[in-house]
Amino acid sequence: MNALHTFKTINYTKLTNSGTFTFAAPSNIALVKYWGKKQNQIPANPSLSFTLKNCKTITKLQYQPKAEKNISFDLLFEGQVKESFRPKIQKYFERIQDLCPYILDYHFKIDTQNTFPHSSGIASSASGMAALSATIIALEKLVNPNQTEAFYLQKASLLARLGSGSACRSIKGNIVVWGETDSIENSSDLFGVTFPYEVNNIFNNYQDTILLVDKGEKQVSSTVGHDLMHNHPFAERRFKQAHENIQQLKDILKTGNLTEFIALVESEALTLHAMMMTSKPYFILMKPNTLEIINEIWKFRESTKIPVCFTLDAGANVHVLYPEKYKISVTEFITNTLAKHCQNNQFIHDEMGNGAENVS
Ligand code: DP6
């Protein structure tokens, strides 16, 4: 089932009526980071993430049968024409057309909206590409209804990956592994799989409060970022470390040892940034307030013994992670101590969620 060709739709019908699907898909936060990729969106190392719930993209796909076979679509963001998204979506359709040849039979109208504030520095590519892929698979179910639900879910993740790597981890909940690695059975470079082992109750509904430190445009696009890992002096060791960290995290998720969890998660975040600081060209994506927040988190953890930790994406925003049972005291800490380091005191509460859903 792992080979790419098994995902190619060969027999399909052409619908004669137009129709609409609407899907919502959440963002996700990686604990073990994907950083570096090969041809065709194949990751250089495995990654593991918590699927989120509140930060999501809602995408409405209207399809209309047409005579000629080509890629054809209109793009709207919150109901307004949005041409700046076109190149990314065009590339996505080009990448998936071989696996989903039926898309050439329709003109699409795609309208998306995010639940999180525009230009909050929260990447919408993961939720956006996951939501769009979920709608494409909904169409596939109509034109080729003979596959299993498991197949459709895998293919949705695979298509999302072709749009943006981390998006393949947003189709399902609530802990997802992407990238083949020995310690996770059935893990694949082609799509994300739900973490298939026992998880300690302490991780139920794990909380992620996103502190908006810098809402500006990304300094380094993910494409440029991943490229930095080519010829990077520490790349090979880093890729190996990701495998080791997933193996270790597998045990931690089972035992619920939060001391070990924190050490691994924070180290992963800092390693991601260390890779950027040691590449050519080099980048510092943390801001002074990122460091202020990290130090405050360490002080708070030391004095209260509450197991709160941070992780980072390729930017200055900080994700604060903690078990649900500490929600009240951590929220108080965030409001009183951390919010002042955020742009306009802004932060967004999120928590583990279940992935893409049909909201048609
Ligand atoms: C730092 O998934 O945005 O967030 O495949 O080029 O679209 P592309 O990259 P993208 O990279 C995300 C990198 C990260 C870590 C992670 O989410 O694993």
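**Ligand shell and an open sheet in a predicted model**

Mentor: Let us start with a contact at the ligand: in this predicted model, an N or O atom in the side chain of Tyr34 is 2.7 Å from an oxygen atom of the ligand.

Trainee: And how far is the ligand oxygen from the side chain of Ser164?

Mentor: There the distance is 2.6 Å, again between an oxygen atom of the ligand and a side-chain N or O atom, while for the side chain of Arg169 the corresponding value is 2.8 Å.

Trainee: How much of the ligand does the protein bury?

Mentor: The ligand taken alone exposes 460 Å², and 93% of that is buried by the protein.

Trainee: Which residues come nearest, out of the 15 around the ligand?

Mentor: Those are Tyr34, Lys37, Ser164, Gly165 and Ser166, and when the whole shell is sorted by class, it holds five nonpolar, six polar and four charged residues.

Trainee: Which domains does the shell draw on?

Mentor: Domain 1 (2-198) and domain 2 (208-351) each supply at least three residues to the shell around the ligand.

Trainee: Switching to the sheet, in what order do its four strands run?

Mentor: The order is β11-β12-β10-β13, in an open sheet with antiparallel pairing. β11 (309-312) and β13 (347-351) stand at the edges and have a single partner strand each, so one side of each is left without a neighbour in the sheet. From one strand to the next, the twist averages 25°.

Trainee: What about β10 and β12, over how many bridges do they pair?

Mentor: Strand β10 (residues 207-211) and strand β12 (residues 318-322) pair over five bridges in the antiparallel sense, and one of the residues to look at is Gln207, whose bridge partner in β12 is Tyr322.

Trainee: New topic, backbone geometry: is the peptide bond from Lys280 to Pro281 cis or trans?

Mentor: That peptide bond is cis, with omega near -5°, and Pro281 belongs to the loop between α6 (258-277) and α7 (288-304).

Trainee: And Lys305, is its phi positive or negative?

Mentor: Phi of Lys305 is near 65°, which is a positive value in a residue other than glycine, and Lys305 is placed in the loop between α7 and β11.

Conventions. Residues numbered from 1 in each chain as written. Predicted model: local features only at pLDDT ≥ 70, side-chain atom pairs only at ≥ 80, totals over all residues. Heavy atoms only, no water. Near = heavy atom within 4 Å. Polar contact = N/O pair within 3.5 Å; in protein donor to acceptor, adjacent residues only side chain to side chain. Areas by Shrake-Rupley, 256 points an atom, 1.4 Å probe, with all protein chains shown as cover. Nonpolar A, V, L, I, M, F, W, Y, C, P; charged D, E, K, R; others polar. Domains from an automatic or database assignment. Pairing = 2+ DSSP bridges. Helix = DSSP H or I, 4+ residues; strand = E, 2+ residues; numbered from the N terminus. Axes fitted to C-alpha atoms, helices over the stretch in contact; angles between N-to-C directions.
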